[in-house]
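Trainee: Could you take me through one part of this model at close range? I would like to hear how its residues sit, what they pair with and how far apart they lie.

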Amino acid sequence: MMRDDKDALEELLDSLKQQRDELRVQMHLAKLEAQEEWEEIEKRWDHEVKPKLDAVRDDTLESSKNIFNSLRSIAEEIENGYKRIKKDLE
C-alpha cells in the first residue's frame with residue numbers, strides 16, 4: 001500500500017512539474033506577444049495619434065491667440081468709447 005501511495009505521489013509531482021514547465025513556456029510566449037502588441041500600439045500612438053494631437057494643440061493655441069487678440073481689441077474699443085462718453089459728460 002505504501003509503495004502505491006509513493007508511486008501515485010511521484011506521478012502527481014511529475015505531472016505538476018510538466019504542467020508547470022508548460023505554463024512557464026506559455027507565459028513567456030504570452031509576454032512576447034504582449035510586448036509585440038505593445039510595440040505595435042506604441043507605433044500607432046507615435047505615428048497616428050501624437051502628431052494629430054500636436055496639430056490640434058497648435059491649432060487650438062493659434063485660435064486661442066486670435067480669439068484673445070480679437071477680444072482685447074473689442075475691449076479696448078469699448079474702453080475708448082466709455083472714455084469718450086465720460087469726457088463728453090464732464
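Mentor: Happy to! Let us settle one term before we begin: a helix here is a DSSP run of H or I covering at least four residues, and helices are numbered from the N terminus. Please keep in mind that this is a predicted model. The part to look at is helix 1, which covers residues 2-89 and includes Asp-5.

Let us start with the acidic stretch. Asp-5 belongs to a negative surface patch, together with Asp-4, Asp-7, Glu-10, Glu-11 and Asp-14. Patch members need over 30% relative accessible area and no salt bridge. Asp-5 has a relative accessible area of 47%, so it counts as partly exposed. The record has something to say about this stretch too: an unreviewed UniProt entry annotates residues 2-33 as a "coiled-coil region". In the model, residues 2-33 are 100% helix and 0% strand. The C-alpha atoms at the two ends of residues 2-33 are 46 Å apart.

Now follow the helix to its salt bridges. The structure holds five of them, and two share Asp-21. One joins Lys-17 to Asp-21, with the closest N and O atoms 3.1 Å apart. In the other, the side chains of Asp-21 and Arg-24 meet at 3.3 Å, N to O. Lys-17, Asp-21 and Arg-24 are thus linked in a network of salt bridges. The spacing along the helix is worth a look. Lys-17 and Asp-21 are four residues apart in helix 1, about one turn of the helix. Asp-21 and Arg-24 are three residues apart in helix 1, again about one turn. As for cover, Asp-21 has a relative accessible area of 28%, so it is partly exposed. Arg-24 is partly exposed as well, with a relative accessible area of 45%.

Another of the salt bridges is formed by Lys-50 and Asp-54, whose closest N and O atoms are 3.2 Å apart. Lys-50 and Asp-54 are separated by about one helical turn because they are four residues apart in helix 1. Both partners are partly exposed: the relative accessible area is 36% for Lys-50 and 23% for Asp-54. To place those values, partly exposed lies between the buried limit of under 20% and the exposed limit of over 50%.

Next, take some residues that help to gauge distances along the helix. Trp-45 lies in helix 1 and is partly exposed, at a relative accessible area of 39%. Between Trp-45 and Leu-23 there are 32 Å from C-alpha to C-alpha, for a separation of 22 residues in sequence. Val-49 is also found in helix 1, and with a relative accessible area of 35% it is partly exposed. From Val-49 to Ala-75 the C-alpha to C-alpha distance is 38 Å, and the two are 26 residues apart in sequence. Arg-57 is another residue of helix 1; its relative accessibility of 48% makes it partly exposed. Arg-57 also takes us back to the acidic patch: Asp-4, one of the patch residues, is 53 residues away from Arg-57 in sequence and 74 Å away in space, C-alpha to C-alpha.

Finally, let us go to a patch of another kind. Ile-74, Ile-78, Tyr-82, Ile-85 and Leu-89 form a nonpolar patch on the surface. Together these residues have about 560 Å² of accessible area. Leu-89 lies in helix 1, whose residues run 2-89. With 72% relative accessibility, Leu-89 counts as exposed, since the limit for that class is over 50%.

To put the picture together, keep these pieces of helix 1 in view. There is the negative patch that includes Asp-4 and Asp-5, then the network of Lys-17, Asp-21 and Arg-24, then the salt bridge of Lys-50 and Asp-54, and then the nonpolar patch that includes Ile-74 and Leu-89.

Methods. Residues numbered from 1 in each chain as written. Predicted model: local features only at pLDDT ≥ 70, side-chain atom pairs only at ≥ 80, totals over all residues. Heavy atoms only, no water. Patch = residues over 30% accessible without salt bridge, like charges linked within 9 Å, V, L, I, M, F, W, Y side chains within 5 Å. Areas by Shrake-Rupley, 256 points an atom, 1.4 Å probe, with all protein chains shown as cover. Salt bridge = Lys/Arg side-chain N within 4 Å of Asp/Glu carboxyl O. Lys, Arg positive; Asp, Glu negative; His and termini not counted. Charge placed at Lys NZ, Arg CZ, Asp CG, Glu CD. Buried < 20%, exposed > 50% of the residue type's maximum accessible area, 1.4 Å probe, protein only. UniProt positions renumbered as here; feature names shortened; annotations may be inferred.
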